[in-house]
Each structure stands twice: as C-alpha cells, then as structure tokens.
Amino acid sequence: MFTHSASAVDPNSGVLRINVSSLAALVPVGGSVLVTFDAGATQLLINRSSAVHFHVLNPTCTHAGCTVGLYVASNNGISCHCHGSFFSISGQLLNGPANRPLAAYQSSFDGDDTLSVTVPGLKFYIASMQLDSENPAVRRLKLSFPTHSFATYSIQRTNNLTDAPQAITFATTATGAANETILLGSGEPMSVWVDASGSSGFFTLSLQLYELS
Ligand code: FES
C-alpha cells in the first residue's frame, strides 16, 4: 500500500527522512509498521517506544531468516512465527532459538515529525544536475541519479530552504512533455528533465515508501 514519500540528498549517508505522521500505525506509542521502498528487497520494521523514541530494525530473523512480525504491545515483543524466537521492541533477543538480536538501523527523531534512518548502501541522491542544451527553446535541467529496481521516485522543488518542497512534474526524455510525476527505478542510473526557467531553486529527490503490514 502506498503510504508517503521520504527524501534524502546526501550520497554518503543514505539517510531516509520519514514523516512519522504519514504512517498512521506509528502515531501511538507502541505502534509498529513494516515498510519497503524496493518491493521488499529492503525492509524496515519501525517501532515507537515513546513520544520521542523509535527503533528501526531489520525484520530478518537472526535464526533462519524468516521475516518477524510487528511489535505487539500486548505481548511486549516481536515474535518470529517460524520457530518462536521472541525479541523486545528494540530488537533485543528475549527467547531463542535465535541467538542474536535483530539488526538495527541507525536512526534519530527530531522531536517533531521527522525520523531519519541511515540505510547502508542506499543509493539515493542526485548525482548530477546540468542545464540541458538539446532543446534550446526550453530551458531544462537534467537531473541524474542512481535508482533501485522497483523503487518509485518523485521530484520536489522549493525556492528557498525554509519553504516546504512541492512535487513538480518532469520529462523522462530531453524533449518529451514534462508531465510525469512518478519514475519507476530500473536498478540503473536514470535521468529526468525539469523546468529550469524562473528564479533559482532547490530540487529534492523523493523515494516512495510502501507499507507491507
Ligand atoms: S527463523 Fe525465526 S525463529 Fe527460526
């Protein structure tokens, strides 16, 4: 199910910035949600343990690789349905047969609505930005970036860093109509073309997150 977008601009850190309020399950303390951005190849189990604390875990069970369930507040833990391992809200091992905790992603919460999650190897940044000269009648900027297979991307723009970025349309060829809003990643570097007329601005690449359960 489509939930919302998250964005990142730093090529080294691979930080996803997630708007917590857009994931209804995470609004209450004790909430838990499983999300992906690449059709399940990467999964994030996000648990809320207080108003300002979240735990972002790799849901792959450390026993034999099954995907564990959500955190269940009434059980105060996370169960693996394959062989019964049991983990705490932060992924600590409470009962085997697993013998290690769940792997955790580094994360921080800004105290308001943004949960930042560092995902190792996340290729998520605008690699180059250049004025395109193939169509001199229209000033266009060519944005190129690596993509993940089955991930969906959108482009946002803001005139200054204090205003919230707004989604904009783009073209997928240098001279095509700039009427696309979503790009499906191929696993290879891809490019889009955006309107470069008008005043200066900032462009952000956004990655759509999907809720798995
Ligand atoms: S795979 Fe999770 S307990 Fe065996």
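The following legends describe close-up views of a predicted model.

**View 1. The chain as a whole, an all-strand assembly with zero helices and 18 strands.** The chain of this predicted model holds 213 residues, and buried residues make up 28% of them. Contacts between residues at least 6 apart in sequence include a share of 55% that join residues at least 24 apart.

**View 2. The open sheet of strands S6, S7, S8 and S9.** Four strands form this open sheet in the order S6-S7-S8-S9, and their pairing is antiparallel. Strand S6 (71-72) and strand S9 (93-95) are the edge strands, each pairing on one side only. At the S6 edge, two bridges connect S6 with strand S7 (residues 77-79), and these two strands run antiparallel. One residue pair to locate here is Val 72 with its bridge partner in S7, Gly 77.

**View 3. Strand S11 and its two faces.** Strand S11 spans residues 114-118. Leu 115 and Val 117 make up the covered face of S11, whereas Thr 114, Ser 116 and Thr 118 make up the uncovered face. Val 117, on the covered face, is the bridge partner of Leu 16. Ser 116, on the uncovered face, is the bridge partner of Ser 108.

**View 4. The antiparallel pairing of strands S2 and S11.** Strand S2 covers residues 15-19, and five bridges pair S2 with S11 in the antiparallel sense. The pair to locate in this view is Leu 16 and Val 117 of S11, which are bridge partners.

**View 5. The hairpin of strands S10 and S11.** Strand S10 (residues 104-109) is joined to S11 by four bridges, and the two strands run antiparallel. Ser 108 and Ser 116 of S11 form one bridge pair. Between the strands of this hairpin lie four residues. Gly 111 in the hairpin takes a positive phi near 85°.

**View 6. The surroundings of Ala 167 in strand S15.** Strand S15 comprises residues 166-168 and includes Ala 167. Is Ala 167 buried or partly exposed? Ala 167 counts as partly exposed because 14 C-beta neighbours lie inside 10 Å, whereas a buried residue would need 20 or more. Apart from neighbours within four places in sequence, Ala 167 is in contact with Ser 154, Gln 156 and Thr 181. Thr 204 lies 37 residues from Ala 167 along the chain, and the C-alpha atoms of these two residues are separated by 9.0 Å.

Note on methods. Residues are numbered from 1 along each chain as its sequence is written. This is a predicted model: local features need pLDDT of at least 70, side-chain atom pairs count only at pLDDT 80 or more; totals for chains, interfaces and linings use all residues. Two strands pair if DSSP finds at least two bridges between them. A residue is buried if 20 or more other C-beta atoms lie within 10 Å of its own, exposed if 12 or fewer, and partly exposed in between; C-beta atoms are placed from the backbone. Two residues are in contact if their C-beta atoms, placed from the backbone, lie within 7 Å.
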